[in-house]
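Reader: Before we discuss the charged side chains, could you show me the sequence and the structure?

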Amino acid sequence: MKAFARLLDQLILTPSRNEKVALVRRYLGTTPDPDRGYALAALTGDLHLPAVKPAVLRALVAERVDEVLFRLSYDYVGDLAETISLIWEAAGASEDLPLSVVVERLTSASRGAAAAVVGDLLDRLDPSSRYALLKLVTGNLRTGFSARLAKVALAEHGGVPVTEIEELWHGLVAPYGALFAWLDGRASKPVNLARGPFRPVMLATPVSESELAALDPAAFAAEWKWDGIRVQVVSDRGVRRLYSRSGDDISAAFPDALDAIEFEGSIDGELLVRHEGGVAPFAALQQRLNRKTVGKATLADYPAFIRAYDLLVDADDDLRHLPFRDRRARLESIITGKSPDRLDLSPLIPFEAWDELATRREAPPSPVIEGVMLKRWDSAYLAGRPKGPWFKWKRDPFVIDAVLMYAQRGHGRRSSFYSDYTFGVWTGEGALTPVGKAYFGFTDEELLQIDRYVRDNTVERFGPVRAVRAEPGHGLVLEVAFEGLNRSRRHKSGVAMRFPRISRLRWDKRPAEADRLEALESLLETTGA
Amino acid sequence: MTSPPLLPRVEGLYCPAGDFFIDPVRPVERALVTHGHADHARAGHRAVLATAETLDIMAIRYGPDFARETQAADSAWITLGESRVRFVPAGHILGSAQIVVEVGGTRVVAGGDFKRGSDPTCAEFELVPCDVFISEATFGLPVFRHPPARDEIGKLIASLGVNVHRTHLVGAYALGKAQRVIRLLRDAGYDAPIFLHGSLQRLCDYYQSRGVALGRLLPATVDAPRDGFAGRVVIGPPTSFGTPWARRFADPMIAFASGWMGVRPRIRQRGVELPLVISDHSDWPELTQTIEDVGAEQIWVTHGQEEALVRWCELQGIRARPLNLVGYEEEPE
């Protein structure tokens, strides 16, 4: 349990994604079974322990600690699990109980006995392990480490592509003995016997207009790149599932999309929602993501549907080795006539030459299109992101000129730099209102320049944040590129940018020449948000 | 007790019988200073009575003219007006003292900042039974239980072994903490040179001159090649990490040695990747143990979490009150 607790602490404190992955990889390489399997399940969200309510924990601690001292401590620390882990006075010396023992004791406890088991474990563990235990039983580790990254770390540990892990994942349960045996070279690859398995998705690489010139247009099919969620819909002898592109099962949030399945097999497509007759922008879809259940009103107002791109399995026939041309023909024959408001076919864009396609790309038929996909007619369906067979040719990003308002120091190797920027545009009243934050897009040299500007032009400090001079005649204009705009009630300006980054420093511009909020508002209109 | 031997005033803790202040925060005629941290030891008093080390440290920081008159104190009694005082070790930093004040038949001990655990850079806390004990309460909540300092240094040494390409930037306050971290590293067998931020040099030299061996210390100068610090320990005051000074180090691992590092929100707030719970103040068990040990009738609680420590005293049936002195920081510098 100590090793697991230390891992959680390190994951919380390590800012770098690669370092986090390395920490988990090292943990998996040095921790015995079945502990590492349970830890992995905890990180991927697949460890299901009986939940213990905060009130129960408070009652446990009230038996041992004066109420006033507990309240003062909790006020100071601000987190229940951490307060209890620190304030708990163990009866004797702590032990390093294996994580598996902790998990087994918790899962075998009857409903009424869970609190007593937790109390006994708290008595036997050190403070860090107590914290880990309490985070496990209250159901949220808050490590900032996604299930996807856990699988990446596992793949690195075993030296296999992460797609192989994703493909197997849904047929496995903690503590994953057979999986580790395979990754450690002690056994052959486990066979996924579960119905409705996920199949690793094929991804495209970006391409620019100049790179296209070297390619033969006749070798490629083109279709629209929709701004929804890439999904895989599977129907396998009664088991229907909707997977995200990293293999997470998102069926529960989209029962209406699942209803559309009247075929046996596996379709690759885009999950979209409709609203008032048209395809709704990404923001509407986002409302439905991460929901455990969906209300009737939402189902009626924002019905989900799937736009099919590809066919991976037709009944029992695995088609992935066939060329795209053949898979597409099979897909068309399957889709035709099926409930079209739930499942339709992504249309192909006819074209002869690249400039013809470029013209069409400039004027897409729907605002919910973010570019064009190019797929070689002869491409097999390969896991991962092979370079060559598939390209995404995205619409140019939107850009605005905004004024730097606040800067915050970064973390890790950027802790001596003001590297996180809040920028704003002018309102009708002539004031700046913040419209977004960005912390990348600039070069190292530009970072030095902005950092120097921030230090020389600070007007106020709030902890790690500095307000900088931003007046019509004096300030730093940043060209900000972004992929889209959503309405937002959480932001004062009423808009939220998707994927904003700094594309250029406009030392040549005066802040008065920066954009106005009206420009963003009219963009909301034209993009249908 | 008829009139209290010590009472709080805006300048600091005042002794009417001896006409002096303890750790005054404003310039006064006569100041008794417990230790050299800047919020306790200020420049500008007419006369200062403190341990020889504290006087040296004040001279290093404020220049030789920090007071018009100075007197070095040790454990011998010194008579001041109608009172007598003596200085005994507090175990906080080099030269730190508790001040024992006797007026009439009443003995008050102003503990200053103190800790009970072992520390090779200063004299160990000495227990003085008394009628009134004035306790600090920096870590006066039961959530503060500092692990053994050598275990924490073990974490730093382990990280040096794993993250060989990263500069380990250890934040430590310039007086006391920095020298203790260095000494703990040496005692754990770490004998590579340790690199210093310029502001630490003079105090480290002073510690060495007082017999605290710190091994080979080098300035963390810009002239060194950028990757010359990879896998090395660099020690600087925590505030230096947010400045351009910190940019000379390749892929820094930010560590911070402080009692606050036992609490996760504090760790995250500072952007620390490697927290080291090393404190020069008492933790909760040490505070409560000390209060029990001195056997005082009354406990006065000052700077920190007074409310919780007063509450604990009440639960034990010990009379206690908060002093509400102003001007002291939660951890100096």
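Author: A residue is called buried when its relative accessible area is under 20%, exposed when that area is over 50%, and partly exposed in between. The model shown here is predicted.

Reader: Which residue meets Arg107(B) in a salt bridge, and is that residue buried or exposed?

Author: The side chain of Arg107(B) meets that of Glu102(B) in a salt bridge, with 2.9 Å from N to O. Arg107(B) has a relative accessibility of 26% and counts as partly exposed. For Glu102(B) the relative accessible area is 14%, and because the limit for a buried residue is under 20%, Glu102(B) is buried.

Reader: How many residues apart in sequence are the parts that Glu164(A) and Lys189(A) tie together?

Author: The side chains of Glu164(A) and Lys189(A) form a salt bridge at 2.9 Å, N to O. Glu164(A) belongs to helix H11 (residues 162-169) of chain A, whereas Lys189(A) sits in the loop between helix H12 (177-183) and strand E1 (205-206) of chain A, so the parts that this pair ties together are 25 residues apart in sequence.

Reader: In the salt bridge of Asp184(A) and Arg186(A), what is the distance from N to O, and which residue is exposed?

Author: The distance from N to O in this salt bridge is 3.4 Å. Asp184(A), at 32% relative accessibility, counts as partly exposed. With a relative accessible area of 54%, the exposed residue is Arg186(A).

Reader: How many salt bridges are there over all chains?

Author: One network of salt bridges links Glu19(A), Arg166(B), Asp251(B) and Glu273(B). Over all chains, the number of salt bridges comes to 57.

Terms used: Residues numbered from 1 in each chain as written. Chains lettered and ligands numbered in written order. Predicted model: local features only at pLDDT ≥ 70, side-chain atom pairs only at ≥ 80, totals over all residues. Heavy atoms only, no water. Salt bridge = Lys/Arg side-chain N within 4 Å of Asp/Glu carboxyl O. Helix = DSSP H or I, 4+ residues; strand = E, 2+ residues; numbered from the N terminus. Buried < 20%, exposed > 50% of the residue type's maximum accessible area, 1.4 Å probe, protein only.
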